[in-house]
Amino acid sequence: MAVENPRRALGVVFFIVFVDLLGFGILIPVIPLYALSFGATEFVGSLLIASYSAMQFLAAPVLGRLSDDRGRRPVLLLSLMGSVIAWSLFGIAGSLAVLFAARMLAGAMGGNIATAQAYIADITPPEDRAKGLGLLGAAFGLGFVFGPALGGFFASAPVIAVARDILPAVVPVSEFTLPSFAAAVITGLNLVVAFFVLPESRPPEERTASPERESRLEQLLTALRTHGLGAMIASFFLASFAFSALESQFIFLTNDQYGYGATENAIILTYVGLVLAFVQGGLVGPLTDRFGEYRLALGGVAIQVVMLAAVPFSPVFGTYIPQFGALLPVGPVLPPGVLALLVVMTPLSFGNALTNVSLNTLVSRSAGDDEQGGAFGLTQSAGSLARTFGPALAGGLYTAIAFWVPFVVGGLLMIPILFLLGKLDREVIAATTA
């Protein structure tokens, strides 16, 4: 390890990844409605969402190899600078084509996660590497919790009114552009901090051009043909593919059914993020000790089969809920349909958290000690591909058939996972069942 203070460097990387994901999360409640403002259909808006994951899938191995050859620090700084440009371009976009260009650039720069993981591997001994990578996962989770909340704040009417008073007239200010500029500013500050405090973890004498390897797609196909591991990778792909129907169509649904904009959606997404963080950070450990990863995976999938399909029917369920008025002394009055939506989203988020953590653990258990990085790389690749093609299919179903179809199809796609998990070796099941 070339870094003099690895713990400080680990904290810096945590901060960089957290703020990077914070900037990304700010735009989650904004992007779909921004696309609609340019006259796009829900299908085209879904392609805009999917373009990020597509470029991330393509760019991550390129940036990773470049960091092996040129060092981690310059690649991380380059990716942050690219993100500043992307989010700024997003804010001044005057057409749908520019939105796509900005989103794709942001996705390519988002491939820096592979470099951040490599940085942690550089500065941590093998026995502490899992903790370091877990800290990186925590940065992801926190970014997705606080990002949408900030996005809703910057898209709110009072903040927009203040911005119009203090910003020059040449700066476009709206519920779509202001969160974009906020993401650019936050990422820019992140770039400045990283420039001054992030040390290089890979000294010049250790830098070598990475050998040619199989493409990630070839690695995935090889893994799918591997007994045991193939079933778990396929399960992870299907789970990500099915849940992407919710991720990509949720804001279209709330906009159509409740007339919700970026601020209202940000509140709901922040609540979902808190549920996910609570389950992953507090409940998964004790539940795993009690039931084991295999049973939790089955339970999480079963919950999602029902609840994912139930999401679009929340307005119907709301007809059976009385009007309670304001839930708190200060705040909005939630319509019964929205309360029903939150009731459905709570177990759905719980089931998704159980599924993701348990499947990742099952994949990790199937790999040797020297194969952990490759195993997790496969799940990331499967997730990226799923989030590339899933939103496109979901958007097509939403536009061409009906708003409820992608959610029901997503629930149905969870069912094959139960059969795939049922085919695991008895030894694997016994080892992961308390």
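This report describes the nonpolar cores, one helix and one helix pair of a predicted model.

## Basis of the description

The model is predicted, with local features requiring pLDDT of at least 70 and side-chain atom pairs counting only at pLDDT 80 or more, while totals for chains, interfaces and linings use all residues. Residues are numbered from 1 along each chain as its sequence is written, and side-chain values use heavy atoms, leaving out hydrogens and water.

## Nonpolar cores

The largest nonpolar core (buried Ala, Val, Leu, Ile, Met, Phe, Trp, Tyr and Cys residues joined through side-chain atoms within 4.5 Å) holds 94 residues. Buried here means under 20% relative accessible area, with a 1.4 Å probe and protein chains only. Leu246 and Val311 have the most contacts inside this core. Helix H11 (residues 229-258) supplies its largest share, 15 residues; helices are DSSP runs of H or I, at least four residues, numbered from the N terminus.

Leaving aside residues up to four places away in sequence, Val311 touches Leu246, Leu253, Leu341, Val344, Met345, Leu348 and Phe407, contact meaning heavy atoms within 4.5 Å. Another core, of six residues, lies apart from the largest one and includes Val275 and Ala353.

## Helix H5

The buried residues of H5 (residues 96-109) are Leu99, Ala102, Arg103, Ala106, Gly107, Ala108 and Met109. Among the elements covering them are helices H1 (6-26), H2 (31-37), H3 (42-70) and H4 (72-92).

## The pair H13 and H17

Helix H13 (residues 293-310) packs against helix H17 (residues 405-422) at an angle of about 160°, their axes 7 Å apart. Axes are lines fitted to C-alpha atoms over the stretch in contact, and angles run from 0 to 180 degrees between N-to-C directions. The two helices are therefore roughly antiparallel, a term for angles over 145 degrees. Their contact involves residues including Val301 and Val305 of H13 and Phe407 and Met414 of H17.

Terms used: Buried < 20%, exposed > 50% of the residue type's maximum accessible area, 1.4 Å probe, protein only. Expected span 1.5 Å × (residues − 1). Parallel < 35°, antiparallel > 145°, perpendicular 65-115°, else oblique.
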